[in-house]
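Student: I would like a close look at one part of this protein. Please start with the whole and then take me to the part that matters for my request.

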Amino acid sequence: MADSTRERKKSKKPSNTNFKQQRLKAWQPILTAKTALPLFFIIGVVFIPIGSVLLAASDNVQEKYVEYTNCETSNGGRCDKFLENVTNTGKTCVCTVKFSLSKAFKGDVFMYYGLSNFYQNHRRYVRSRDDLQLHGELNGKVSSDCDPFAKVNDTPIAPCGAIANSLFNDTFKLTWLKSSTEKVNVNLTFKDIAWKSDREVKFKNPSGNLKDAFKDYTKPPNWPRPVYELDTENADNNGFQNQDFIVWMRTAAFSTFRKLYRKIVHTGEFESGLPEGDYQLDINYNFPVTSFDGEKRVILSTTSWIGGKNPFLGIAYITVGVLCLVLGLSFLIIHLKFGKRDYTNSDRGMQLQEMRN
């Protein structure tokens, strides 16, 4: 009795259950022409109309690109050349670009700035920041990820890192040239241009007076002013909660990108959007790009129920739908032509061949 008890204890055989003995009911689909072909046609019939709707919505979005990389001053000099030998002095180059809207921009209108050949997606660039510092935790230390923009002569930088140091700081003023003698300024607002989660969670200012809070820190090398003076007109838009700074710190995925700069305030003559006509863009040119063969632009854009102008999603749906229809038709032709073979005659032929051998 003792020996049999020991054998049962040592036995590694699973217990006699349906699960452990793999006796559970299973279903294995067998793909045949009757089951697979309808799927191709259903996907094609559904995806093509969806893609067409998305593409139509994207095409209804109005956009106006205003290139200003080679913007010139009233004296005829290029601003980018002027800034090559001027760094961190607070001086700026002022230039003007005029453009026209052939059609009125109705509804909400947004102003973006765009950059080309600027790689915010570089691995070391993306890591070059101190999230604890940006959260308002100033303890005299900075993350090693910020190097070489962590300290200046042993004084810590706030905000530290390559992303903050390369902050885009061109500013714009938009004017509607209503007539040859009348100009109307277009009101722009910075409110809510940054994500709500960034404004309320990721970026916080240290408590107390900002100037006193940052007294033991220095500004990034490329900045003309410290972080508590980023916005000289709106005191509540300074420090780490400056919305232009927050927008810039959310790095772009590609080397050509756009970031939201301002929203058009829909009041007065701009209540329904931007009317058609001539416009003037006054630019405080502070961000040189010729050193890395970059380009700059301002984009005015409306939106639709799917957001901004982006035809990729609609094209992708239509492409997949057309591909499924083509494959479905091809497989259907193959099935009709070769799917009904006479297996009886084939079997007889094999038997005769075996008898001959």
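**Two helices and their surroundings**

Of the 357 residues of the protein, 34% count as buried.

Student: Which residues of α2 are buried, and what covers them?

Tutor: Keep in mind that this is a predicted model. Begin with the whole chain. The protein has 11 helices and 13 strands. Its radius of gyration is 33 Å, well over the 21 Å that the globule rule gives for 357 residues, so the protein is more spread out than a compact globule. The C-alpha trace spans about 100 × 75 × 45 Å along the principal axes. Contacts still link remote stretches of sequence: among those with a separation of 6 or more, 80% are between residues 24 or more positions apart. The accessible surface is about 22700 Å². Carbon and sulfur atoms hold 53% of that surface. The protein carries 48 positive and 37 negative charges, and the mean positions of the two sets lie 12 Å apart.

Now to α2. This helix runs over residues 33-59 and has 27 residues. From its first C-alpha to its last it reaches 39 Å, close to the 39 Å expected at 1.5 Å a residue. Its buried residues are Leu 37, Gly 44, Gly 51, Leu 54, Ala 57 and Ser 58. For a residue to count as buried, its relative accessible area must be under 20%. The cover over these residues includes α10, which is residues 312-338.

So look at α10 next. Its 27 residues should span 39 Å at 1.5 Å a residue, and its end C-alpha atoms are 38 Å apart, which agrees. In α10, the buried residues are Gly 314, Gly 321, Cys 324 and Gly 328. They pack against α2. The pairing can thus be read from either helix: α10 helps cover the buried residues of α2, and the buried residues of α10 pack against α2.

Step back along the chain from α2. Gln 22 sits in the loop between α1 (2-10) and α2. Its phi is near 55°, a positive value in a residue other than glycine. Gln 22 is exposed, with a relative accessible area of 73%.

Another loop residue can be set beside Gln 22. Asn 153 lies in the loop between β5 and β6. Its phi is positive too, about 55°, although Asn 153 is not a glycine. Asn 153 is exposed, and its relative accessible area is 73%.

The loops on either side of those strands hold cis peptide bonds. One joins Asp 147 and Pro 148, with omega about 5°. Pro 148 is in the loop between α5 (131-134) and β5 (151-152). Another runs from Ala 158 to Pro 159, with omega near -5°. Pro 159 belongs to the loop between β6 (155-156) and α6 (162-165).

Finish with a contact between remote parts of the sequence. Glu 276 is in the loop between β11 (273-274) and β12 (277-285). Its C-alpha atom is 4.3 Å from that of Ala 104, although the two residues are 172 apart along the chain. Leaving out residues up to four places away in sequence, Glu 276 touches Leu 101, Ser 102, Lys 103, Ala 104 and Trp 176.

Terms used:
Residues numbered from 1 in each chain as written. Predicted model: local features only at pLDDT ≥ 70, side-chain atom pairs only at ≥ 80, totals over all residues. Heavy atoms only, no water. Helix = DSSP H or I, 4+ residues; strand = E, 2+ residues; numbered from the N terminus. Expected span 1.5 Å × (residues − 1). Buried < 20%, exposed > 50% of the residue type's maximum accessible area, 1.4 Å probe, protein only. Contact = heavy atoms within 4.5 Å. Rg over C-alpha atoms; globule rule 2.2 N^0.38 Å. Areas by Shrake-Rupley, 256 points an atom, 1.4 Å probe, with all protein chains shown as cover. Lys, Arg positive; Asp, Glu negative; His and termini not counted. Charge placed at Lys NZ, Arg CZ, Asp CG, Glu CD.
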